[in-house]
Amino acid sequence: MDKNTIISQKLPFERLYFILLILALSIPLQTFAYFQDANIDVNHIEYKGYVLDQGNNSPLTSASVSLINTNISIVTNDEGEFLIKVPKHINDGSLQVSYLGYQDKIVPLLDFKDNTLNIKLKPSVIELSEISIKLRDAEALVREVLKKKGSNYLNDNTIMTAFYRETIKKRRSYVSLSEAVIDLYKNPYESSKTDLIKLHKARKNANYKKLDTLTLKLQGGPTSTLYIDVMKNPEILFTEDMADVYEFSYDKSTQINGRHIYVVKFKQRQTISEPLYYGKLYIDSETLAMTKAVYSLNMENKDEVSKMFVRKKPRQARVYPTLASYSIDYRQKDGKWYYSYGSIDLAVKIKWKKKLFNSTYKLNVEMAITDWKKNTDNETIKAKDRLKSSVVLSDKAAGFSDPIFWGEYNVIEPEKPIESAIKKIQKQLRKLN
């Protein structure tokens, strides 16, 4: 019997690997020191708040929160919560809060006054007829978007700081949690060179509860969220023959940051049996730059989807990916757009022979660019320091040992279940020490 189940996601340019490893029933926690350095120099101020819908107070997930006139930014979590760390010397600045389909809002830092601030955005829905459509053919519009990526997106080498998180849940319980701060050396969008990643800091804890005999690990880590950048890697979705495999149509328009946005829907043609993608593209009506893409893999043909994902598995188990969804956001600075936030949601069902119940796992990865600068000296990362696409971050990270681990780095605030899991880990570590 092969004790490893290896799952890969087939993409035209690359495969994203997901590994299911057979593990012992009880995994002892590793022991790490738990300490607090009271003498650490804090050079930033934290501003915390929630971004909500003005009408019903519902949280706005993945809303953009950026410090005006800087490249510092963060996004809200599933509960609409954010915490942004600002250098002390910028105490009179303002935050710009924006979300697709809502009017953006400017909030002075002085409004926080040491309190958590509720920031409410007003919906802004625009009918398609109110925008002058430059191209009536939705497919032709997508082709124009791809042609203009050289002029619309960053054409400089840049060094970006990013926060990355991956979580794996078995049913409702978190069985693995990994987080990292990375340095991303990103090439111009017209360049064919691969973007490079250097791991700056990482922490993790896996299997802190008793598990089934099977647990899921993600191979690739932060590289996975780079691969879904459809403007850097358009072959993920669209090739020259895309009209033969996809149908394109217009949806209701919207706006973001006060800019009118075309919304283009796409789905695979009924004559195509191979599992492809469906979703929506959000295109700036003035520059024809793609500002957001949301897409999912068609899971109707289970056998074909399994062939795409499953490379190796135990003989007595059947593995079915049931969800593969992707989202990518771009932000504009000085007339150029760049990768801002990416997320992947996956679900896998494991069915064992001669067992009554199935095992269901849900995996989420997300990465947010929190700061960046132009790479004017064309710095690069030494080969030995590059984070490889084969890395398993949960194996490479060192544990939740340091309560001041993130220092002044901006991170996506953990939602309540993740926060609870982190506190549980820290409590266990204190007991061990």
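## A walk from Phe-82 outward

Start by selecting Phe-82: with a relative accessible area of 0%, this residue is buried. Keep in mind as you go that the model is a predicted one.

**Stop 1: the ring next to Phe-82.** Now add Phe-112 to the selection. How are the two rings of Phe-82 and Phe-112 arranged? Their planes stand at 90° and their centres are 6.5 Å apart, so this pair is edge-to-face. The partner is out of the solvent too: Phe-112 has a relative accessibility of 3%, so Phe-112 counts as buried.

Colour by secondary structure and you can see that the pair links distant parts of the chain. Phe-82 belongs to strand S6, whereas Phe-112 sits in the loop between strand S8 (105–108) and S9, with 30 residues separating the two.

**Stop 2: the sheet.** Stay with S6 and show its sheet as a cartoon. Which strands make up this sheet, and in what order? There are 3 strands, running S6-S3-S9, in an open sheet with mixed pairing. The edges are formed by strand S6 (81–87) and strand S9 (117–121), each of which pairs on one side only. Looking across the sheet, you will find neighbouring strands turned against each other by 35° on average, direction ignored.

Next, select strand S3, residues 44–53, together with S9: the two pair in the parallel sense, over 5 bridges. To put a finger on the pairing, label Leu-52, whose bridge partner in S9 is Lys-120.

**Stop 3: Thr-76.** Move to the loop between strand S5 (73–75) and S6, where Thr-76 lies. Is Thr-76 buried or exposed? Its relative accessible area is 2%, so Thr-76 is buried.

Show the side chain as sticks and draw two distances to backbone nitrogens:

- From the side chain of Thr-76 to the backbone nitrogen of Ser-62, the distance is 3.0 Å.
- From a polar atom of that Thr-76 side chain to the backbone nitrogen of Ala-63, it is 2.9 Å.

Then display the surroundings. Leaving aside neighbours within four places in sequence, Thr-76 is in contact with Val-51, Leu-60, Thr-61, Ser-62, Ala-63, Val-65, Glu-81 and Phe-82. That list brings you back to Phe-82, the residue where the tour began.

**Stop 4: an aromatic cluster.** How many aromatic pairs does the model hold? The count comes to 16. For a cluster of rings, select Phe-238, Tyr-246, Phe-248 and Phe-266, which form one aromatic cluster. Within this group, both Phe-238 and Phe-248 are buried.

**Stop 5: lysines over rings.** Two selections are worth a look here. Pick Lys-186 with Tyr-189: the charged end of Lys-186 sits over the ring of Tyr-189, 5.0 Å from the ring's centre. Then pick Lys-302 with Tyr-320, where the lysine lies over the face of the ring at 5.9 Å from its centre.

**Stop 6: Lys-353.** Finish in the loop between strand S20 (336–352) and strand S21 (359–374), the place of Lys-353. Is this residue buried or exposed? With a relative accessibility of 54%, Lys-353 counts as exposed. Not counting residues up to four places away in sequence, Lys-353 touches Arg-315 and Gln-316. For one last distance, select the C-alpha atoms of Lys-353 and Arg-318: they are 8.0 Å apart in space, while the residues are 35 apart in sequence.

Methods:
Residues numbered from 1 in each chain as written. Predicted model: local features only at pLDDT ≥ 70, side-chain atom pairs only at ≥ 80, totals over all residues. Heavy atoms only, no water. Pairing = 2+ DSSP bridges. Helix = DSSP H or I, 4+ residues; strand = E, 2+ residues; numbered from the N terminus. Axes fitted to C-alpha atoms, helices over the stretch in contact; angles between N-to-C directions. Phe/Tyr/Trp six-rings, centres within 6.5 Å; stacked < 30°, edge-to-face > 60°. Buried < 20%, exposed > 50% of the residue type's maximum accessible area, 1.4 Å probe, protein only. Lys NZ or Arg CZ within 6 Å of the ring centre and 35° of its normal. Polar contact = N/O pair within 3.5 Å; in protein donor to acceptor, adjacent residues only side chain to side chain. Contact = heavy atoms within 4.5 Å.
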